[in-house]
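Visitor: Could you walk me round this protein model, please? I am in my first year, so small steps would be great.

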Amino acid sequence: MQSGGSVPITELQRLTVSLRGGFEQKDGCLVFHFTGQLDAFSEKQFLSYVADVLKANASPTVLDLSKIDFLDSSGLGALVQLAKQCKDAKRSFVMVGNARVTQTVKLVRLEEFLHLVNDLQTAFTQLAA
């Protein structure tokens, strides 16, 4: 373990051909990192992977989608489902997006429901508040 209690992610697990993901503990939060495409092809694996990790850990959660290349309606549906699960479990939840993710989320006016922010630092600040 390094100082601050965070373990760096060296390699993201291949969830599907087009999606990789991993998680780490950082600043008292559970931080998920994903790269690739969150779409109809990968949403089931995405949801089951995140659900398995959340079952074993009750920390506030940050979903880092800043390296996602593509997000479709199925991916959005998975994010809404995840946000609902966190809300029902009274778990703090923040999502970090890039320009493409933010545009897609804002198009369907879900930025507040998904607690969308622009960067990890803002995510940690919001969860600490």
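Visitor: Let me start with one residue: is Phe32 buried or exposed?
Guide: The relative accessibility of Phe32 is 0%. Values under 20% relative accessible area mean buried, over 50% exposed and in between partly exposed (1.4 Å probe, protein chains only). Phe32 therefore counts as buried.

Visitor: What kind of model are we looking at?
Guide: Residues are numbered from 1 along each chain as its sequence is written, and side-chain values use heavy atoms, leaving out hydrogens and water. Local features need pLDDT of at least 70, side-chain atom pairs count only at pLDDT 80 or more, and totals for chains, interfaces and linings use all residues, for this model is predicted.

Visitor: How many aromatic pairs does the structure hold?
Guide: Rings of Phe, Tyr and Trp (its six-membered ring) pair if their centres lie within 6.5 Å, and planes under 30 degrees apart count as stacked, over 60 as edge-to-face and the rest as tilted. The number of aromatic pairs in this structure is six.

Visitor: What type of pair do Phe23 and Tyr49 make?
Guide: The two ring centres are 6.5 Å apart. The planes of Phe23 and Tyr49 meet at 55 degrees, so the pair is tilted.

Visitor: How many residues apart are Phe23 and Tyr49?
Guide: Helices (H or I, at least four residues) and strands (E, at least two) are DSSP runs numbered from the N terminus. Phe23 belongs to strand β2, residues 19-26, and Tyr49 to helix α1, residues 43-55. The pair thus joins distant parts of the chain, and its separation in residues is 26.

Visitor: And is Tyr49 buried or exposed?
Guide: Its partner Phe23 is partly exposed, at 39% relative accessibility. Tyr49 has a relative accessible area of 11%, so the answer here is buried.

Visitor: What type of pair do Phe32 and Tyr49 form?
Guide: The ring centres of Phe32 and Tyr49 lie 6.3 Å apart. Their planes are at 75 degrees, so this pair is edge-to-face.

Visitor: How far apart in sequence are the parts that Phe32 and Tyr49 tie together?
Guide: Phe32 sits in strand β3, which spans residues 29-38, while Tyr49 sits in helix α1. The pair therefore ties together parts whose separation in residues is 17.

Visitor: Which residues do ring pairs link into a cluster?
Guide: Phe23 and Tyr49, which we have just met, both belong to the cluster. The full set linked by ring pairs is Phe23, Phe32, Phe34, Phe46 and Tyr49.

Visitor: Which strands are at the edges of the sheet?
Guide: The sheet is open, with six strands in the order β1-β2-β3-β4-β5-β6 and mixed pairing. An edge strand pairs on one side only, and that is true here of β1 (13-14) and β6 (116-117).

Visitor: In what sense do β1 and β2 pair?
Guide: Two strands pair if DSSP finds at least two bridges between them. Here Gln13 stands opposite Gly21 in β2. The strands β1 and β2 share two bridges, and their sense is antiparallel.

Visitor: Which strands do the buried residues of α4 pack against?
Guide: Helix α4 covers residues 120-128, and Ala123, Phe124 and Leu127 are buried in it. These buried residues pack against β2, β3, β4, β5 and β6.

Visitor: Which residues beyond its sequence neighbours does Ser59 contact?
Guide: Ser59 lies in the loop between α1 and β4 and counts as buried, at 16% relative accessibility. A contact means heavy atoms within 4.5 Å. Leaving aside neighbours within four places in sequence, the contacts of Ser59 are Gln25, Gly28, Cys29, Leu30 and Arg91.

Visitor: What is the phi of Asp27?
Guide: Asp27 is found in the loop between β2 and β3 and is exposed, at 53% relative accessibility. Most residues other than glycine have a negative phi. Asp27 has a positive one, near 50 degrees.

Visitor: And what is the phi of Lys90?
Guide: Lys90 is in the loop between α2 and β5, and its 75% relative accessibility makes it exposed. Lys90 is not a glycine, yet its phi is positive, near 55 degrees.

Visitor: To finish, what distance separates the C-alpha atoms of Gly77 and Leu47?
Guide: Gly77 lies in helix α2 and is partly exposed, with a relative accessible area of 34%. Gly77 and Leu47 are 30 residues apart along the chain, and their C-alpha atoms are separated by 10 Å.
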